[in-house]
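Work through the exercises below with the coordinates open. Try each task before reading its solution.

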Number of protein chains: 2
Amino acid sequence: MDNFTFYSPTLFAFGDGEEKNTGALVKRFGGTKVLLVCGGGSVKRNGAYDAVTASLKDAGIPYAELSGVQANPRSGKVYEGIEIARREKVDFLVALGGGSVIDTAKAIGVGTLYDGDFWDFFAGKTKVEKTLPVGVILTIAAAGSEGSDSMVITLEEGNLKWGAPKTDVIRPKFAVLDPRLTCSLPAYQTASGAVDMMAHILERYFSNTPDVILTDRLCEALLKTIVEAAPRAVANPDDYAARADLMWAGMLAHNNSCGVGRVQDWASHQIEHELSAFYDCAHGAGLAVVMPAWMEYVMDHDPMRFARMAVEVFGCAMDYAHPENTAREGIARLRAFFKGIGMPTALSDVEGAKAEDIPAMVDHRAEKPNGFPFGGFVKIGPKEMEEILRITAR
Amino acid sequence: MDNFTFYSPTLFAFGDGEEKNTGALVKRFGGTKVLLVCGGGSVKRNGAYDAVTASLKDAGIPYAELSGVQANPRSGKVYEGIEIARREKVDFLVALGGGSVIDTAKAIGVGTLYDGDFWDFFAGKTKVEKTLPVGVILTIAAAGSEGSDSMVITLEEGNLKWGAPKTDVIRPKFAVLDPRLTCSLPAYQTASGAVDMMAHILERYFSNTPDVILTDRLCEALLKTIVEAAPRAVANPDDYAARADLMWAGMLAHNNSCGVGRVQDWASHQIEHELSAFYDCAHGAGLAVVMPAWMEYVMDHDPMRFARMAVEVFGCAMDYAHPENTAREGIARLRAFFKGIGMPTALSDVEGAKAEDIPAMVDHRAEKPNGFPFGGFVKIGPKEMEEILRITAR
């Protein structure tokens, strides 16, 4: 186990109706004027918007509003939010939505207190040192941004979907996690969210660091739970228990509980960012395509690790004579699981995607500073990235 | 799953040599003058004291000192610490030690800022609202106080070993967890610590709340890890990987990661507090005696829960025709595990303990305000407490 720092100072208020406490939570963490960041109409339809704004009003907290944030959030909304935050002199951001809305709020938070262009943080030109505090009311179990130290934004000029360097500064002050708010999600989004959180765990699970047995087991506990809960939530959107398992698992998947003390991989995320940059697909859907392909490509590096996943997560029988068979079975089971909850598992399943774009995706990645190599488990260069994408196009 | 709030804002700095950053951590959390709280000579022998004081000096942070805190920490040291903290006008407490030292520092922290007697918090006369910030350098994996919202002190007058009501206010600002510092622990203390953390998990695991599958699995992941790591650390004190697993598991066992969203039990802890109040035994050793007896006594309430522990933690085969046999086997395996790492498992194994004291222990418990009934899984009154203690004396 490597030395590590773990710092997850977010207060999580979990359960049915907890969004009614938004105003009190903003006050508890010192907010007096809020910029409310949200997406489209779903939060208005499911009552979340009304509950949150009523709670702010009850607490006597005035708020400005930035709505219309979309999936794969774009820089335009960040610039717009920074301008409103400065003009209205807000001292607190409330993100009402999923990962895209939260990441937009995080970027507004650091950008508002910075003299230059907020993209400087993403481009590595400067380091995040302060932010306006951010609170969250989560509406989809997926990205884990509600408890994480990361944010991903797409710069419209150049279509660059980049993550900012991880920093504890941007972890939210509080996050309201009400599983009930996710019951109105379409099956496709529920499934994409489940894949996203599984990927967050698997990117940490595949590691060369020895002696991380405890975090391995925590990873497996979460993965097994998601594998059971996701099909239930897809089949029966109102299954509160399944929604609750997914929501808490999604947070734990990405606050680094499952990643401490080890070198992490993150190659599949890097590859997927090109998929969603090119085709604007749901992040989870892109990961369902990329991750099993990545696994097949790198499996020989450590077959026992994949066999472990097969046995511990999917209950496969161990083939002691030929562990690589067990490893392959685990990957097949993962892909079948994704397919079973309605996710794409091949490039051709993604709307608009075509094999001819593969070289362009690799070239686009290469434009990123330090774009290659990436991956903590197996190093991925342009050639490897192309070969992994070729597997998705078989 | 019940609604819950989870708030664990402690920064954990984990790994070999991390205590060298103590001064920087105190500064990061605003401390300018420290009261260093510690126990006996072990921290001087293993180099921890020198490393911590050197780090404070390097950071230019002056410190006063309170040493001599003992196991089952007593009120006298708290009063002494409050007096020093006020006289020296310290604004930060650093606890260098295990649960007893940390709990003493926590009690000094709340007592220093309170006009009345610090025991008022324990007696439920008033509520904790503020504290001097506390930082921790942990020297034994056991109590989990480094990340917890609780503290236990024994009032010398009346020999009352009571816990204060849980409050997030007293969670430490930071905790340094260096597994290397625990390599000099005697086997008996290592084993007592392992039992203590297992009890923290099991007190949460035995619950009547439905739909808590995710936290059940997290509990099992931790329990399995401790069951493997503890014998290794007992057999080979310098096994860093085993020490690291125990240290991180001990924190997760008690920061409530494993207890969210469910009614918890805590009956065994209540009973054990009388054992250590009467015989000043190690808390973990007392729990090794009490917990299997409690399990036998309450097993019929929900045999499948005990069967689950048997299968998932100890790898027992499920007796589908007679699950109660599996349940019993699990309890037997737990007791054998405790015995195997050198723990007492009967009242007669505890120095000075005798069956004739049982009624007096029950009476002593009854003196506590709202002393009976206790237990969230099965309600324990005086009769039940006596019968459980009788099992330990069989």
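The exercises on this predicted model start with the contact between the chains and end with backbone details.

**Exercise 1. Find how the two copies are related.**

Task: Superpose chain B on chain A and state which turn and shift are needed.

Solution.
- Step 1. In general, two copies of a chain are related by a rotation about an axis and a shift along that axis.
- Step 2. Here the turn is 180° and the shift along the axis is 0.0 Å. Chain B then lies on chain A with an RMSD of 0.0 Å.
- Step 3. This is therefore the relation of a two-fold axis.
- Step 4. Look for the residue of chain B that comes closest to the rotation axis: B:Pro9, whose C-alpha is at 1.8 Å.

**Exercise 2. Describe the contact surface.**

Task: How many residues of chain B are in contact with chain A, and what area is buried between the two chains?

Solution.
- Step 1. Count the contacts: 36 residues of chain B touch 36 residues of chain A.
- Step 2. Take the area. About 3300 Å² is buried between chain B and chain A, and carbon and sulfur atoms give 61% of that.
- Step 3. Rank the losses on the chain B side. B:Leu214, B:Arg217 and B:Trp248 lose the most area to chain A; together they make up 19% of what that side buries.
- Step 4. Compare the two sides. Of the interface residues of chain B, 100% are also interface residues in chain A, so the copies meet through the same surface.

**Exercise 3. Sort the interface by polar pairs, elements and class.**

Task: Which elements of chain B supply at least two residues each to the side that touches chain A?

Solution.
- Step 1. Begin with the polar pairs. Across the interface of chain B and chain A, 12 residue pairs are in polar contact, both residues being at pLDDT 80 or more.
- Step 2. Assign residues to elements. Strand 1 (4-14), helix 8 (213-235) and helix 9 (240-252) of chain B each supply at least two residues.
- Step 3. Pick the main contributor. Strand 1 of chain B gives the most, with 11 residues.
- Step 4. Split by class. The side of chain B that touches chain A has 22 nonpolar, 6 polar and 8 charged residues.
- Step 5. Follow strand 1 across. Strand 1 of chain A and strand 1 of chain B run antiparallel and are joined by 9 bridges. As one pair, A:Tyr7 has B:Leu11 as its bridge partner.

**Exercise 4. Locate a salt bridge between the chains.**

Task: Which side chain of chain A meets B:Arg217 in a salt bridge?

Solution.
- Step 1. Side chains of opposite charge can pair when their charged atoms come close.
- Step 2. Set the scale. Over all chains, the whole structure has 38 salt bridges. Between chain B and chain A the count is 2.
- Step 3. Find the partner. A:Glu228 meets B:Arg217, with an N to O distance of 2.7 Å.
- Step 4. Test it against the cut-off. A salt bridge needs that nitrogen and oxygen within 4 Å, so the pair qualifies.
- Step 5. Place both ends. The pair runs from helix 8 (residues 213-235) of chain A to helix 8 of chain B.
- Step 6. Link back to the area. B:Arg217 is also among the residues of chain B that lose the most area to chain A.

**Exercise 5. Check a hairpin in each chain.**

Task: In what sense do strand 6 and strand 7 of chain B pair, and over how many bridges?

Solution.
- Step 1. In chain B, strand 6 (residues 152-155) and strand 7 (residues 160-163) pair in the antiparallel sense over 4 bridges. B:Leu155 stands opposite B:Leu160.
- Step 2. Inspect the turn. The two strands form a hairpin with 4 residues between them, and B:Gly158 there has a positive phi of about 100°.
- Step 3. Repeat for chain A. Strand 6 and strand 7 of chain A pair in the antiparallel sense over 4 bridges. A:Thr154 stands opposite A:Lys161. In the turn, A:Gly158 has a positive phi of about 95°.

**Exercise 6. Pick out unusual backbone angles.**

Task: Where does A:Asn256 lie, and which residues does the cis peptide bond of chain B join?

Solution.
- Step 1. Most residues other than glycine have a negative phi, and most peptide bonds are trans.
- Step 2. A:Asn256 has a positive phi, near 80°. A:Asn256 sits in the loop between helix 9 (240-252) and helix 10 (267-279) of chain A.
- Step 3. In chain B, the cis bond joins B:Phe372 and B:Pro373, with omega about -10°. B:Pro373 is in the loop between helix 14 (358-366) and helix 15 (382-392) of chain B.
- Step 4. In chain A, the bond from A:Phe372 to A:Pro373 is cis, with omega near -10°.

Key:
Residues numbered from 1 in each chain as written. Chains lettered and ligands numbered in written order. Predicted model: local features only at pLDDT ≥ 70, side-chain atom pairs only at ≥ 80, totals over all residues. Heavy atoms only, no water. Contact = heavy atoms within 4.5 Å. Buried area = accessible area lost by both parts, 1.4 Å probe. Polar contact = N/O pair within 3.5 Å; in protein donor to acceptor, adjacent residues only side chain to side chain. Nonpolar A, V, L, I, M, F, W, Y, C, P; charged D, E, K, R; others polar. Pairing = 2+ DSSP bridges. Least-squares fit on C-alpha atoms with pLDDT ≥ 70 in both.
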